[in-house]
Amino acid sequence: MKNIRNFCIIAHIDHGKSTLADRLLEFTKTISDRDMQAQVLDDMDLEREKGITIKSHAIQMNYTAKNGEKYTFNLIDTPGHVDFSYEVSRALAACEGALLLVDAAQGIQAQTISNLYLALENDLEIIPVINKIDMPGAMIEEVKDQIIELIGVKDEDILLASGKTGIGIEEILESIVTRIPAPTGSLDTPTQALIFDSVFNSFRGIIAYFRVYNGSIKKGDKIKFVNTGEEYEADEVGILKLGLEPRKEVFAGDVGYIITGIKSAKEVKVGDTITLASRPCEEGIKGFQEVKPMVFAGIFPVVTEDFEELRDCMDKLQLNDASLTYELETSQALGFGFRCGFLGMLHMEIIQERLEREFNQTVITTVPNVGFIAHTTNEGTVIVNNPSEMPDPTKLERIEEPFIRAQIITKPEYIGNIMTLCLGKRGILLNQSYLTTTRVELMFELPLTEIVFDFYDKLKSQTRGYASFDYSPIGFRDSDIVKMDILLNGDKVDALSALIHRSRAQDFGRKLCEKLKDLLPRQQFLIAIQAAVGAKILARENISAMRKDVTAKCYGGDISRKRKLLEKQKEGKKRMRQIGNVEVPQEAFLAVLKLDD
Ligand SMILES: Nc1nc2c(ncn2[C@@H]2O[C@H](COP(=O)(O)OP(=O)(O)OP(=O)(O)O)[C@@H](O)[C@H]2O)c(=O)[nH]1
């Protein structure tokens with residue numbers, strides 16, 4: 001155990017984590033040049049395209065240090081986005097140390113700090129590394145000052161590196177040996193292994209990744225999950241190299257995997273503890289949480305007949321993504337579909353894309369909302385994850401909405417814009433502090449629902465991209481939330497309803513009607529778009545009637561152009577839904593996300 005080092009790399013998004021990880025793998029010859037594929041650790045297509053690490057993975061390296069001893073390193077990769085911060089925290093709990101990577105040109109950003117806090121909570125030894133020092137814009141001294149101020153390390157403890165050119169890689173490996181402690185734990189104590197991630201394999205079922213704290217797990221052992229209480233047999237255990245490497249037994253200090261024949265990700269909870277059924281540990285490793293969805297939206301097939309197929313795909317998708325929840329939803333406008341719960345907006349986007357790419361589904365996603373808690377006079381407490389579940393206002397005692405603590409790091413010149421943005425979103429400023437003369441940290445309390453709608457885009461445009469943002473939930477508070485309905489020619493379109501704070505309803509309704517006016521195609525009759533809370537109409541727009549003939553512009557001449565146009569129109573139809581007699585395109589369902597100020 002004394003020659004094992006378990007560590008992870010924490011960084012703000014795009015600060016070069018995957019590139020640096022590749023260099024470490026290359027240097028330790030964990031992968032041959034021939035196998036060297038850019039960013040081995042990001043093995044999902046989507047991850048590569050979106051350029052972000054979604055799921056954490058682990059890989060073992062062997063390193064012979066300058067002191068002549070051989071070491072086993074387990075590098076645990078962590079996701080970089082706030083939606084997945086619980087997974088980050090569990091991955092960190094499996095380590096003794098962390099490389100804190102900071103981009104030399106960008107300096108410390110919001111996730112640098114939030115990940116650092118998570119690492120400190122888990123008592124990790126932090127090795128600060130300034131990365132990308134090859135960049136022309138590298139501000140090494142300034143970033144050093146930021147780091148010293150943030151964690152109180154000495155100048156000489158900060159390493160300089162470039163994942164691109166390979167500078168500093170050996171020094172990092174040596175520091176892992178000398179600065180990160182070896183795992184503690186004992187072989188004689190009852191087995192405790194922390195599950196920090198799981199993946200779904202269509203042949204083998206769920207593969208759970210764990211870190212053994214005490215005891216050991218052998219192939220064939222009867223194991224037990226402490227928090228769910230379920231028992232299974234260990235069909236296979238092993239360690240993680242470039243692929244899975246089976247072993248007869250894995251021991252305290254090791255990072256490994258287990259296959260038990262479980263077919264659904266739901267049964268294996270990240271954060272749970274594995275022990276032996278024959279000699280169970282007294283309690284699980286602390287920090288276990290049930291992950292709760294934060295954002296809800298409906299997903300409907302574009303063609304109603306495709307519902308059963310969509311159900312099949314949702315089932316399959318959930319097998320490998322336990323954080324996705326869904327239940328049946330019926331909408332008057334869209335028919336049968338699913339009310340889905342996501343960890344955040346990015347997670348929602350990922351699920352929608354996976355449905356389309358991996359499962360070949362064309363779906364309509366409806367207005368996302370957060371979950372509210374309603375206290376009623378007749379039904380007690382009701383969870384409202386869907387505008388249709390909003391109790392009748394006459395039965396509503398009070399309603400609570402979720403709040404977050406937001407941390408924004410920016411340049412001083414953008415403080416004004418950010419204040420205007422956050423206060424306009426019902427935010428409360430908690431604190432403002434200068435990290436350095438050119439970098440300021442703002443803390444706000446904000447309603448989560450205001451973040452769901454277009455907050456990131458606004459923040460980006462208000463700061464020209466010079467702001468980083470992170471948040472954590474802080475619980476529910478009383479609030480005046482109302483349901484706003486959209487009517488098309490007098491008919492309520494349930495799939496366009498939104499839950500919103502009363503003070504914002506008027507303005508929101510007006511903008512939404514304007515936006516819908518742009519998005520709905522003209523038809524051969526007048527379309528009235530109205531926004532209403534209860535019986536009260538807040539806004540109205542009209543789309544005047546038009547005879548629609550897309551080929552009219554072609555002057556009867558060019559036939560191929562005409563065909564192209566018709567085909568284009570057909571394409572456009574793909575994501576349209578007929579509601580009453582009005583055609584509504586997909587963009588209209590998500591119009592609330594793109595309202596201008
Ligand atoms: N010049 C320079 N560019 C680098 C270096 N390391 C990474 N990059 C570039 O920075 C970008 C982000 O690098 P990644 O390694 O994907 O960043 P990451 O931190 O893994 O990103 P996430 O997984 O999304 O958190 C890529 O375009 C890299 O080519 C470096 O040392 N020098």
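This is a short tour of a predicted model, with a few selections to make along the way.

**Stop one: the core.** Start by selecting Cys8, Leu75, Leu92, Ala98, Leu100, Phe196 and Phe210. The largest nonpolar core has 162 residues, and these are the ones that touch the most other members. Next, colour strand 8, residues 205–214, which gives the most to this core, with seven residues.

Now centre on leucine 100. Setting aside residues up to four places away in sequence, leucine 100 touches Ile10, Leu116, Ile126, Ile127, Pro128 and Val129.

**Stop two: strand 12 and its partners.** Select residues 236–240 for strand 12, then add strand 15 at residues 255–259; the two pair in the antiparallel sense over four bridges. To see one bridge, pick valine 237, whose partner in strand 15 is isoleucine 258.

Then show strand 13, residues 244–247, which also pairs with strand 12 in the antiparallel sense, over four bridges. Here leucine 240 has leucine 244 of strand 13 as its bridge partner. Follow the chain from strand 12 to strand 13 and you will pass through a hairpin of three residues.

**Stop three: isoleucine 481.** Move on to strand 28, residues 481–488, where isoleucine 481 is found. Is isoleucine 481 buried or exposed? Isoleucine 481 is buried, because 23 other C-beta atoms lie within 10 Å, and 20 or more count as buried.

Show its surroundings too: beyond neighbours within four places in sequence, isoleucine 481 is in contact with Phe372, Ile399, Glu401, Leu499, Ile500 and His501. To finish, draw a distance from the C-alpha atom of isoleucine 481 to that of leucine 124: the two are separated by 42 Å, and lie 357 residues apart along the chain.

Note on methods: Residues are numbered from 1 along each chain as its sequence is written. This is a predicted model: local features need pLDDT of at least 70, side-chain atom pairs count only at pLDDT 80 or more; totals for chains, interfaces and linings use all residues. A residue is buried if 20 or more other C-beta atoms lie within 10 Å of its own, exposed if 12 or fewer, and partly exposed in between; C-beta atoms are placed from the backbone. Two residues are in contact if their C-beta atoms, placed from the backbone, lie within 7 Å. A nonpolar core is a set of buried Ala, Val, Leu, Ile, Met, Phe, Trp, Tyr and Cys residues joined through C-beta atoms within 7 Å. Two strands pair if DSSP finds at least two bridges between them.
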